Amino acid sequence: MKYRAGSRRSSLEYEKALTKWWKQHKTFEQSVENRPIDKSYVFYDGPPFITGNPHHGTLLSSIVKDAVPRYWTMNGYRVERRWGWDCHGLPAENFVEKQLGITDRRDIGTKWSLEDYIIKARESMVANSETWRATIDRVGRWVDFDNCYRTMNKDFMESVWWAFKQLYEAGKIYEGRKVLMYDTKFATPVSKAEVTMDNDAYQTVTDPSAYVKFKSGDECLLAWTTTPWTLPANMALAVNPDLDYGVYNIDGEKLIVALERGKVLFEGQKPEKAFKGTALVGKKYEPIIEVADGLFDLGLRGDQGTVARKDTYTVLPGDFVSAEDGTGIVHIAPAYGEDDYALAQKYEVDFVDCLDENGYYLLEMADKLHALGVRDTDENGIQVWAGNKFIAKCLEEKGIVYKIEYIQHEYPYNPRSKERIIYRAFPSWFFDIEGQKQLMLDENEHINWFPAYLKHGRFAKNIEAAPDWNLSRDRFWATAMPVWKGDNGTVKVVGSYDELYALSGQRLDDYHRPWVDQIEFDIDGEHFTRIEKVLDCWFESGSMPFAQLHYPFENKEKFERNYPADFIVEYVGQVRAWFYYVHAVNTALASIGAFGDKAKNGAKNAYKNVITTGTLAGNDGRKMSKSLGNYTDPNELMDQYSADALRFLLLSSPVLSGEDFALLDKDVSDVNRKLAMIWNVYDFFTTYAEVEDIDSNGFENIHFETVRDNGSGMSEEPRNDGRDEASRKMNISNPLDIWIISRLYQLRDEITEGMEEYNIPKALEGVLLFIDDMSNWFVRRSRRRFSKNDDAADKKQAFATLYYVLTYLAHLLAPFTPFLAEELYQKITGHTDSIHLKDWPEAGMIDTAVLEQMSRTRQIITDALALRMQKSDTEDQIKIRQPLSKLTYDGDKLDGFYEQIIADEVNVKEVTNGKELKLDKTLTPELKEEGRARELIRAIQSARKHANLRQDDQIKLSVSCMLPVGFEDLIKSEVGATDIAKDATYSHTETAKLNGENITISLEKL
């Protein structure tokens, strides 16, 4: 291929063209199929909700999910990349309910049949797929969309059923009741990990702080609560047996509080008597609100009635009670607090939950509250949070509340519903996390975390603090729990559709509710119906590694051979969410032998390496938000600057080290400008290659051997690396070539080391520095070698070196800036294949002696240029185009090649070695004239550029000033002029400033 100057395309042009080219040539598919099946690299892709829209956070993880697989593909691994969709859970239901105009959960089954609701949900789960696909393509991510898995698909759900049964039969899943976070808007328990995965879960709220009088004989136990709405469910009071309590006479009432709190509440008052808390234990009191008949809950059987267990409405001991705030007496509502429920379980205390599924008081309890003066908060009755302060006020008016204060405190909100959650004891099915914490912690030791502090920090601490996992949800659109219960309470867990068919004789096209609810069967005379619960969608997410393959019904050998996966990545919020749930589900299954002997007897962790990104902020430093308008649409940003610039910025930024990062448009622009220096070098190469009539075929399969040259310190012996006969050796002796190739190999090793550590910022740390070295040092220092060079061998070596560097650099950049790498590779080589089907470059020989000498040379130049700009009473600053006579440098003497570079860069006539760095700034008349000549050459070269002349074009030239004495031939040689006139006018004329004087330059091509 012959080179042609000006042949490059804009990034927008080639990025969109290459996206189509890759699809037409099935380049992604080839990159997978070309690698052996028995050398797989597996990564798990946490699927997004299809109901959402792609945004910068999505693109961040997608960019990492593209770069890492590309790198390992180039290293010879088969990396299958299959897209997945999260289709179940609250975001999906919320999306459907907005479409149907449902604002009340009770409309499902009344205004909308459950069947119609589920059909609409399924239809909605393909809503945004094309939007996602277009954006993912635009950022250059390769992933198999056509064979995507969906968590709503039959095969996926069957694998989830299988996992549930395996864990149930191993004793790791059980039915029980625990206090859970509960969302009244969505009418279901929610995962604590999901609620708290981001930093904005807790919000500051103002709540009434009520001091409530519970009458016991002629005294009142004064209890404190910040949740007056729980008072109708009060079943006991708790005191600390070791605290000191007292009876205070306040306006004729005898109030019992802890002495430490009495000093604050009743300042200046003395107790009538004092005693230890143990004296209060067993004391009975009168309920402030009688519980209506039928609201007492006898347990998981669902039986209800009115009972009076012996410890109900009794003072009980609780070591969690303190005198730091409140009264030292805690009101106990077993249905609405973890300590409360645990205490009630320890003693014989009744259980009352007086709210319906949407957080409204049941009619029986609402009537009791109405009698106290509490009004309905809306047309549906008394809502728990809306009625909170009114309940306190009405009780105060009735004399039941001693006083009300208002406090501000942090309280959790469900980020999905934007509503305050409540803590509610709820009958559910649980995963026994407590029983396998040590297993999860032990298997965490096999995982390489980046950043590393998360391993024993947030991840391990989350495991240590995690409660048993509530798996069941009282919702609609999710995988149905495969649990059937018999008339006699027998539990039957089903692990496959075939098993269900064997029991019932029925097969379904869709195993969602309501159709699966209708399947019933008999075993030994006992009739079984399915419990109407669905699975937490995080159990589906945790099952993704095997469920995406329909394991164990299909792909059994494939999954077991490749377990655990090599890599996962998500943002830091997923440490407590997806990372945790995948770890919990899969280590448990592996430990019980569900994944075969290899996993049971070996490492059971689900993944080997994990990258955790930080969170992206907008261009104002605040969280990205459409309402704030603080970020540029990602497609607009990529069109303006380039997808590669966005990719490189994010991959090299602190966000890939788990830190938060503000994405500024200016930063994308800066990276784009720095990457564009590669194209400046390409333009330089093609410009001179066209002039010299260079053919790319001359550079095919060249490899470099260095030879000693006059004691320069270069490697003497060529490396015998077993290259095939098609490769052609080129001996290089110019230290600049040896230096840039050594820098290239150095960069290759840095990227390799960083990628193998999964430290991508470290891997890319040297890329922009290398590009700058290539452009502003190698090319600039070698410019004359490409044109005004009488040494044909050195010219050939210069072209070959730059060709090799650009081609090799394209390989190194391919995982990170795939568009630029592809375009550069095809442009520089003339090949029509893809760089993404190539191997990662082999390590090359690094000449450390040349690197050290060049580094020292550049440092001397930097220090000498600082001396040029130094100004004092005895010396002036002297600009760089003004030649000086002499520079002396200290330290060991450098070879003459490097001294000549110093002389050129510092613009001095002589460079000598001595005891200190010293610059002679004395200007002789001859030096001043040469300085004028250099300034004039610069101005003429600028005019040549403005006239769009090629490098080899000869010109007619006229300048209006006197030529520097003795430098006419130098000027003509440098600017390509055959002669220099004074007052002639040619086709291009412009004015330039020379030493403060305006001069006219006129020129045209001969």
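This is a short dialogue about a cavity and a helix pair in a predicted model.

Student: Let's start with the empty space inside. How many cavities of 30 Å³ or more are there?

Tutor: A cavity is a spot where a probe fits but cannot get out. Here the count comes to two cavities of 30 Å³ or more. Take the second largest cavity, which holds about 120 Å³ of space.

Student: Which residues are the closest to the centre of that second largest cavity?

Tutor: Gly-89, Leu-90, Arg-473, Asp-536 and Cys-537 are the closest to its centre, out of 15 residues that line it.

Student: And which elements give two or more residues to that lining?

Tutor: Those are α4 (90–100), β5 (188–190) and β26 (534–535). Strand β5 gives the most, with three residues.

Student: How do the lining residues divide by class?

Tutor: The lining of the second largest cavity has eight nonpolar, five charged and two polar residues.

Student: Now the helices. At what angle do α7 and α16 pack?

Tutor: Helix α7 (residues 154–169) and helix α16 (residues 537–547) pack at about 105°, and their axes are 9 Å apart. Angles from 65 to 115 degrees count as roughly perpendicular, so α7 is roughly perpendicular to α16.

Student: Which residues meet where α7 packs on α16?

Tutor: From α7 you have Phe-156, Ser-159, Val-160, Trp-162, Ala-163, Phe-164 and Leu-167. Facing them in α16 are Phe-539, Glu-540, Ser-543, Met-544, Phe-546 and Ala-547.

Student: What classes make up that contact?

Tutor: The contact of α7 with α16 has ten nonpolar, two polar and one charged residues.

Technical notes
Residues are numbered from 1 along each chain as its sequence is written. This is a predicted model: local features need pLDDT of at least 70, side-chain atom pairs count only at pLDDT 80 or more; totals for chains, interfaces and linings use all residues. Side-chain values use heavy atoms; hydrogens and water are left out. On a 1 Å grid over the protein atoms alone, a cavity is a set of points where a 1.4 Å probe fits but cannot get out, and a pocket is an open set with protein on both sides within 12 Å along at least five of seven lines; lining residues have an atom within 4 Å of a point. Grid points are joined across faces, edges and corners, and a volume is the space filled by probe spheres set on the points. Helices (H or I, at least four residues) and strands (E, at least two) are DSSP runs, numbered from the N terminus. Ala, Val, Leu, Ile, Met, Phe, Trp, Tyr, Cys and Pro count as nonpolar, Asp, Glu, Lys and Arg as charged, and the others, Gly among them, as polar. Axes are lines fitted to C-alpha atoms, for helices over the stretch in contact, and angles run from 0 to 180 degrees between N-to-C directions. Angles under 35 degrees count as roughly parallel, over 145 as roughly antiparallel, 65 to 115 as roughly perpendicular and the rest as oblique. Contact means heavy atoms within 4.5 Å.
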